[in-house]
Amino acid sequence: DPAQRRVRELIALSNRLQQVHPNVLARVLKQGTLYQNEEIVAINKPYGLPVHGGPGIKNCIADVLPILAKMLENMKAEPFHLCHRLDKETTGVMVLARNKEVAEKIRVLFKTRQVEKIYWAISLGDPDPAEGIVEIPIVEKEVQSHQSHYKMTLAPNYRLSPEDGKVVKIRKNRNAESAVTRYRRLASSSACSLLELQPITGVKHQIRVHLAYGLGCPILGDHKYSHWSKLAPQKLPKITLKRLKLEQSKARHLPLHLHAYRLSLPLGQRIDLVCKPPLFFQKTLKKLDLDVANE
């Protein structure tokens, strides 16, 4: 079955990225170079590749920055610097700085919200209304279940009173960070939507949490945020399974469909970096009949 074969290929690719020699990985990143000037290099981050190392991680982007710099410049080049991060499963535009000063400058631009970020995501369901702003603080919480684990979740400032249904302001959670995401539906079909997202703030897992818990439209392949209390594969509507030629029992292999589509940096003049979605994302759009040709 082609869909299951594709999913298996992606898992194999993620695993392979962990096994390849760092030089091979640097070459993959070099081939995915989107833009470079004397200050920055923009790369297309592949699926399943972590930005930072950690337990059980053999290969990550941070580790191959010295090799990538030598490949793109010369043997004496100093390693590139990370300016921001993307989740392991997120694909798309990522900016590297050629030196420490530029990296610091870009980090400040991210911190002060001067970088415009546009993501594409395929979500389950249709957000209502079709465009708007989600502005709900986010906090990390421990999920009490037979497998205790941590997740980001909403920490709203208001709730509905159970007595009379009136809106009541609640005490602010001290650990919550304010989070704002603009969203706009570009297409919808097969019980799914293609959304354009602009995170105004940069809280961990913000887009995933705002879509799943704020709009009730989790990202396709986001098994972590499709349920609250359990770690279980995402449940897909019949029509979606049919279009993807996938059985529910194999849904756990579906990759996260979240892509950093565009990044706009005010460095002297504004630099617009655009990166089209990876092949698996494009194939899913086709199968689900999510047509953005008119965009």
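Which residue's side chain meets that of E73 in a salt bridge? In this predicted model, the partner is R98, and the closest approach from N to O is 2.0 Å. The chain is divided into domain 1, covering 1-112, and domain 2, covering 114-287, and the points below take up the domains, the nonpolar cores, the surface patch and the salt bridges in turn.

**Domains**

- The C-alpha centres of domain 1 and domain 2 lie 23 Å apart, and the contact between the two domains takes 30 residues from domain 1 and 33 residues from domain 2.

**Nonpolar cores**

- The largest nonpolar core has 42 residues, of which I43, I61, F80, L197 and L211 touch the most other members.
- Helix α3, which runs over residues 61-72, gives the most to this core, with 6 residues.
- Because domain 1 (1-112) and domain 2 (114-287) both give residues to the largest core, this core lies between them.
- Leaving aside residues up to four places away in sequence, I43 touches a set of residues that includes L29, L34, I61, L68, V93, M94 and L96.
- There is also a second, separate core of 21 residues, and among them are W120, I122, A251 and V292.

**Surface patch**

- On the surface, Y158, L160 and V167 form a nonpolar patch, and together these residues have about 350 Å² of accessible area.
- V167 is found in strand β10, residues 167-169, and is exposed, because its relative accessible area of 61% is over the 50% cut-off.

**Salt bridges**

- The structure holds 10 salt bridges, including the one between the side chains of E73 and R98.
- E73 lies in the loop between α3 and β3, whereas R98 lies in the loop between β4 and α4, so the pair ties together parts that are 25 residues apart in sequence.
- Within this pair, E73 is partly exposed, with a relative accessible area of 36%, while R98 counts as buried at 13% relative accessibility.
- R208 forms a salt bridge with D87, in which the closest N and O atoms are 3.2 Å apart; this pair links distant parts of the chain, with R208 in helix α5 and D87 in the loop between β3 and β4, 121 residues apart.
- R208 is buried, with a relative accessible area of 7%, and a network of salt bridges links D87, R208 and D222.
- The side chains of E104 and R107 also meet in a salt bridge, at 3.2 Å from N to O, and because these residues are 3 residues apart in helix α4, they are separated by about one helical turn.
- E104 is partly exposed, with a relative accessible area of 43%, and R107 is likewise partly exposed, at 35%.

Notes. Residues are numbered from 1 along each chain as its sequence is written. This is a predicted model: local features need pLDDT of at least 70, side-chain atom pairs count only at pLDDT 80 or more; totals for chains, interfaces and linings use all residues. Side-chain values use heavy atoms; hydrogens and water are left out. A nonpolar core is a set of buried Ala, Val, Leu, Ile, Met, Phe, Trp, Tyr and Cys residues joined through side-chain atoms within 4.5 Å. Buried means under 20% relative accessible area, exposed over 50%, partly exposed in between (1.4 Å probe, protein chains only). Helices (H or I, at least four residues) and strands (E, at least two) are DSSP runs, numbered from the N terminus. Domain bounds come from an automatic or database domain assignment. Contact means heavy atoms within 4.5 Å. Patches are made of residues with over 30% relative accessible area and no salt bridge: like charges are joined within 9 Å, nonpolar side chains (Val, Leu, Ile, Met, Phe, Trp, Tyr) within 5 Å. Accessible areas come from the Shrake-Rupley method with a 1.4 Å probe; for residues, only the protein chains shown count as cover. A salt bridge is a side-chain nitrogen of Lys or Arg within 4 Å of a carboxyl oxygen of Asp or Glu.
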